[in-house]
Every structure is written in C-alpha cells, then in structure tokens.
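Reader: I am new to this structure. Please choose one part, look at it closely, and then lead me on to a few other spots.

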Amino acid sequence: MDRCRVVFIGFALASLLFLITACSNSVRLEQALELAGKNRNELQKVLNRYKQSPVDSLKYRAACFLIENMPYYHYYEGKHLDNYLTYFKTLAYDRSQKSSLIMDTYINRYGYFSLSNLDVKYDVQQIDSAYLCNNIEWAFKVWKEQPWGKNILFSDFCEYILPYRVGDEQLVVWRDSLYKEFNPLLDSLRSTKCADDPIVAANVLLKALSKNKIYYTTDYPSLMPHLGPFDCQYLVGSCREITDYVLYACRAVGIPCGEDFMPLSGDGNAGHSWAFILDKHGDSFMEEFPCDIKPVTKNGGINIAKPSKVYRCTFSVNQQMAQELSPLGSSSSLYPFFHNPKYIDVTTLYRDRVFPEISIPLNVMNLVKYNKEEIVYLCQAQYQDWVPIAFGKIEDTCVKFNNIGVGAICRIALWRENHLEFISTPFTVSEEGKPSFYILDKKSHDIVLYSKFNLRFEEYFFNKLLAGVFEASNDLNFKKKDTLYSISSIPSRLYTSCYVVSPKKYRYVRYRAADKVSCHIAEIAFFTNVNDTIRLKGCAIGSHPASSNLDYKKVFDSDPSTSFESNGFLGGWVGLDLGTPQEIRKIVYTPANRDNFIRKEATYELYYFDKHWVSLGRKTADADSLVYQDVPINALLYLDCLKGIEKRIFTYENGKQVWW
C-alpha cells in the first residue's frame, strides 16, 4: 500500500481546498456549497430538511459535517475502470488461478491501467439530496437502534459510522442492502448483557464472516481506486481491500470503526493498513481480518514492523495538522501526502518507544539556504529511494519532529520544485532519542550474504517447520517409524543440512509437520553419505495437497521456489518411496519461501551508500551464499538482484545481515 502517492483533483480546486482547510466550520460549509456549483441546490435541500426541525438537530450537524468535508473527495468513471474491476471478480470465482497471469491477460486485452483514461468526478458536484439523506437516515437508524449505540459518542459516530465512503470508490447506495445482509448475524447478541459494547458486536459479526476465504494479491495496478462496498466482498486484493470489507460490514450495523495505517514499515518497502474498532469506552482494538480482534497495545502485532509513524484515517480533514502546515501558504510547497490530511497521528498507541520530540542539530546537515517557515520531512527507505512519512519545522539551531517511533533508518529532506532535496545522511534514532548517523569507516571487511530481503517476512513459512520431524520406516503407512531429525530452529539460509546417526536402512522416508500445523515445505533431499551431492531418487508420496498447485512432487523438483502444502492441519506429510531400503546419513531441506534467499546462478549487485548508492560490482552466486570483499565498515548496504522485486537496505554487524 502506497499512501504517499496522491492523485491531484485539479490545481485550482486543490489550491482552494488548502486555503480553506483551517477556516471555521461555517466558512468551510459555505465554501463547500460554493464549490458545488450547479449542485448547490441539492446539498441545500439536505440542510434545509434537517435544519427546520429541532428533533433533527443532530442530523443537521451530521449533514454539515459531511458537506464541509465533501470537497476533499472524488471518484473515477470510465469503461477502462469497469474492465479492470472485473479482475477481482474473476479471481473470486476461481481462486486457483494465478493472479499475475490473470493481470497479464488484462494488460494484453485492455492496455496498462491509467487514471488518465478515466473521468474524475467530485463528490461535492455530484451527490444529490436523495443519496445524502438516505445515508444519513440509515446511519442514524443503526446508531440509535443497536444496543451498543448508546455508548458511541456523536463525534465518533460522525467519523467512523456516518461516512458514505471510505476512499475514492464509485458512489453507490449500500447501507440498506448491507444492513439486511449483516444485521441478522447479530440477532443472538442483542438480548445479552454485553450487547452494549460495540467490540462484542464486532467479534460476533467478524467471526461469522471469517469463514469466507481471502485471495491475497498485490498483482493489480497501484493506482487502482478503492473497489467499493460490493466489489470488496469478493475478498480479493491486499490489506486495503480486506480492510474496506471490514469497514463496510461494521458501519452497516452501527459499529464504529476505521482504518489505521503506517505509510511505510520500518524494515520493509511497503506500508500496511488494518481495521480498528472502538469499544464502549472509546478504546481502540485492532483487527486484521480474518484474525481475532485484539486490544491495541504498544507491543501489539504491528510493533514488529517498527514503523516511525502510524496514522488513523478520518473522514474530516485534520484541522490542527492543516494549521501547522498552513504558514507555507501554498499547496504546491507541500509533499503530496500532507495535502489536506484526512488522518490523525496514533503512533503512541502502537509503539512502546515513541519520543514526543526529537531534535537534529542544523550543524550536522547540509542546509545552506532555507526559509524558517519551510517544512522539513522525515523520510524512510523504500528500496533505494526515500519516502516522507512525517513533517517537522526548522528551529533556530535544529530541526524538530514530534512523536517518532525508534528503530528505522531515516533521512531528512525538503520538498522543492516537486522533488526531494536531502539535507542529511541516513541515521537512526537511538533508544535515548538521539540521532546516530551512518558515517563510513575507512576500513573494510569481507561479508557473506544469505538473502536479499528481510527474512522476517518469511517467518510465516519458517514457523511451520518448528517441531517438524523427518521420519523413516519400512512400512508404507509408517506404523513403525524412527525419527531421524527434529527441527528446533528456523533456517537462516536456502539449504539447511542435518545429519543422521542410524545403523538402519529404510525404504520410506518423509517429513511430517508438527501437530496443528499444515505441512508446508519447498525442498527435501536425502543422501546416503554426508559428502554426497547427488540426492536419492524415488517415488514421491504424501498426504492430500491443499491444491493442484501445491502438489507433493514439487518438494523433489529441485526448484526451491515451488512447494507442497497439505490439506488441513493434522498429520500432513510428504516423502519418498526409495524402492529399496537405503541408509540415510544427511538430509537437506528448504522452507517454503518467497524466493528471497541467495540462489545459485542468480546474478546480484551490491551497493553501499555514500551520498548516493555506489556499486561494488555484480556477481553470480555459485551456492546459496554470496561473498563480497573490501566492503566499507559501517556502511548502509543494498543487494539488488536481476530476478525478483523484493530487496531491502541492511547493515552488516557481527557477521550477520541486519535489516532496516
């Protein structure tokens, strides 16, 4: 997910919105009505309808809230978009298809996706009174009728139940149909004592929906608009589409929820989003469908990603942040991510080490000419580039940033003439809140590399190996079997060797996963001698695979990028019938993986950072490791590969790659 990309909705409109953001509510309402143009009468009908009745005073305030913020929303229309939206439906109906191949088909048929082929429609100029009133009536209905509604504040209702959209999806009437679909799932809850808590309702609802299968994929254009309330129910896409599904389902039945996101992971190249839900006390719970809902804690599941910033989406523009940015006086002077910010900072909810303020002295930066009102940006690494994730101000002797989580490598930049102008070398923020800059040592050392990307992202596969065992038998059903080796630690390289001490010979050998874990492994090779390089041959055997794409024969195809996965979580296994009993002295195995280990015969290029990225040359690996000599000590490194898209900056410390 790339939230640092903003599609402008027209220079004149964008500039006007920037200027009115910090105005009072009444001024913003009038400005919105002016921007509506010919559609002003439709919006005025809504205001008149609710303003006339004291009973509807809250609905009037809700209508004002929506209309005041309506100018900041738009959507797209066109046949080009309609064609590409069917991609998600195609994968939903046949989840065995490979998403990348389907996308290639769409590109060949329709050409590359481009927003320039679409018409931009602005909400404030398109929404009619019937649509807006329908949304307001249904939102109030679910707020007032549900037992958990009495514990939802009006301000939370406006931000997290009332909105008619979540992003830039096309406008459709959705509340009544989704209410009829999802509300009956909560019938058993309403008469219970805990029905006054929205988080309890959310647990019941999402548990009922969790039986629906998800097709995770990012093989679609990064500029694709949000899918909308009905297409997101295909449950095809990335974290964005799955989060939208949760938001529409919960809001349809009056559960206050929204989206939290990090612009970039502290040790990865992508951002991430997930749903949050408010309980009856207004406390936040996080939910990554179809997982269980859990309280947001400073040591929560998202903490492992070490984000420097976490934001919460709002329907309204963050007035405080807008005022802090307003001294610049021009939207063209701001990095796009910070135009009309519709989010608030919630970093302190998710990180245990957040500094209210960090200061970087001006004398350590390359800052010659500057305006004290200029905004400076804290940037994190994305591949070999840097992306702003927070903004700060220039003080007399330093640059200051607020609420920054520790643990990521950063740089500081200015946004000038539509490009980033960097004014610092890379640095990390220490546990004491002090910047620690990466200064190259004049000395060099030799390094050994085993991967091109952070192996933290492989832990889903690695953890499935723990407590798995290699077994041998002369009985096809393994009724009598011996354990040859038990896996007690996660692998650190593509091929892990283990050695067997057994005087017996066996015809059948296999790998069996631990109880309650699906058997998922990429490669296994059995050898009769520890020095052998030619694996034993045999007939592949195993339990039923999860799908035809995960057949157990793939474990013995010498391709570590393919794998077997069993169907179910009990007793899954894969092995060989050797034909005749053989001695087993060595086993070499490879976990299921995303092809980020060093691979033999693949070509790599190592870079180190010194004001810019400097190449240390290309090499073709002759094993599952790569050796580079004369690498500067204390260098920030990046290993590129002509194959694969996942690469990440790292340092080399105490003989190991440390990922940032």
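Author: What follows starts with one helix and its neighbours, then moves to other places along the chain.

This is a predicted model, where local features need pLDDT of at least 70 and side-chain atom pairs count only at pLDDT 80 or more, while totals for chains, interfaces and linings use all residues. Residues are numbered from 1 along each chain as its sequence is written, and side-chain values use heavy atoms, with hydrogens and water left out.

Start with helix α8. Helices here are DSSP runs of H or I with at least four residues, strands are runs of E with at least two, and both are numbered from the N terminus. The 17 residues of α8 should span 24 Å at 1.5 Å a residue, and the end C-alpha atoms are 24 Å apart, which agrees. The expected span is 1.5 Å times one less than the number of residues.

Which residues of α8 are buried? They are S129, Y131, L132, C133, N135, I136, W138, A139, F140, V142 and W143. Buried means under 20% relative accessible area, exposed means over 50%, and partly exposed lies in between, with a 1.4 Å probe and protein chains only. The buried residues of α8 pack against α3, α4 (57-69), α9 (154-160), α10 and α12 (239-252).

Take one of those partners, α10. Two packed helices are described by the angle between their axes and the distance between the axes. Helix α8 (residues 129-145) and helix α10 (residues 175-182) pack at about 30°, with axes 10 Å apart. Axes are lines fitted to C-alpha atoms, for helices over the stretch in contact, and angles run from 0 to 180 degrees between N-to-C directions. The two helices are therefore roughly parallel to each other. Angles under 35 degrees count as roughly parallel, over 145 as roughly antiparallel, 65 to 115 as roughly perpendicular, and the rest as oblique.

From α8, the contact uses N135, W138, A139, K141, V142 and E145. From α10 come R175, D176 and Y179. Contact means heavy atoms within 4.5 Å. The residues of this contact divide into 4 nonpolar, 1 polar and 4 charged. Ala, Val, Leu, Ile, Met, Phe, Trp, Tyr, Cys and Pro count as nonpolar, Asp, Glu, Lys and Arg as charged, and the others, Gly among them, as polar.

Another partner of α8 is α3. Helix α3 (residues 40-51) also meets helix α2 (residues 25-35): their axes come within 8 Å and cross at roughly 140°. So α2 and α3 are oblique to each other. In α2, L29, E30, L33 and E34 make the contact, and they meet R40, L43, Q44 and L47 in α3. The residues of this contact split into 4 nonpolar, 1 polar and 3 charged.

Next comes helix α6 (residues 99-110). Its 12 residues should span 16 Å at 1.5 Å a residue, and its end C-alpha atoms are 16 Å apart, which agrees. Its buried residues are S99, I102, M103, Y106 and I107. Seen down the axis of α6, they fall within an arc of 145°, so they line one face of the helix. The arc is that of the directions from the helix axis to the C-beta atoms. An α-helix has 3.6 residues a turn, so residues three or four places apart point the same way. On the other side of α6, L101, N108 and R109 are exposed. The cover over its buried residues includes α5 (79-93) and β3 (215-216). Just after α6, G111 takes a positive phi of about 85°.

Now a few single residues. F289 and P290 are joined by a cis peptide bond, with omega about 5°. P290 sits in the loop between β7 (284-287) and β8 (294-295).

Y377 lies in strand β12 (residues 375-382). It counts as buried, at 0% relative accessibility. Its C-alpha atom is 8.5 Å from that of Y335, 42 residues apart along the chain.

F597 is in the loop between β28 (586-591) and β29 (603-610). At 1% relative accessibility, F597 is buried too. Leaving out residues up to four places away in sequence, F597 touches Y450, S451, L455, F462, S492, R493, L494, P591 and Y604.

Where is D630? It lies in strand β31 (residues 626-632). D630 is not a glycine, yet its phi is positive, about 55°. D630 is exposed, with a relative accessible area of 56%.

N654 is also a residue other than glycine with a positive phi, near 55°. It sits in the loop between β33 (649-653) and β34 (656-659). Its relative accessible area is 81%, so N654 is exposed.
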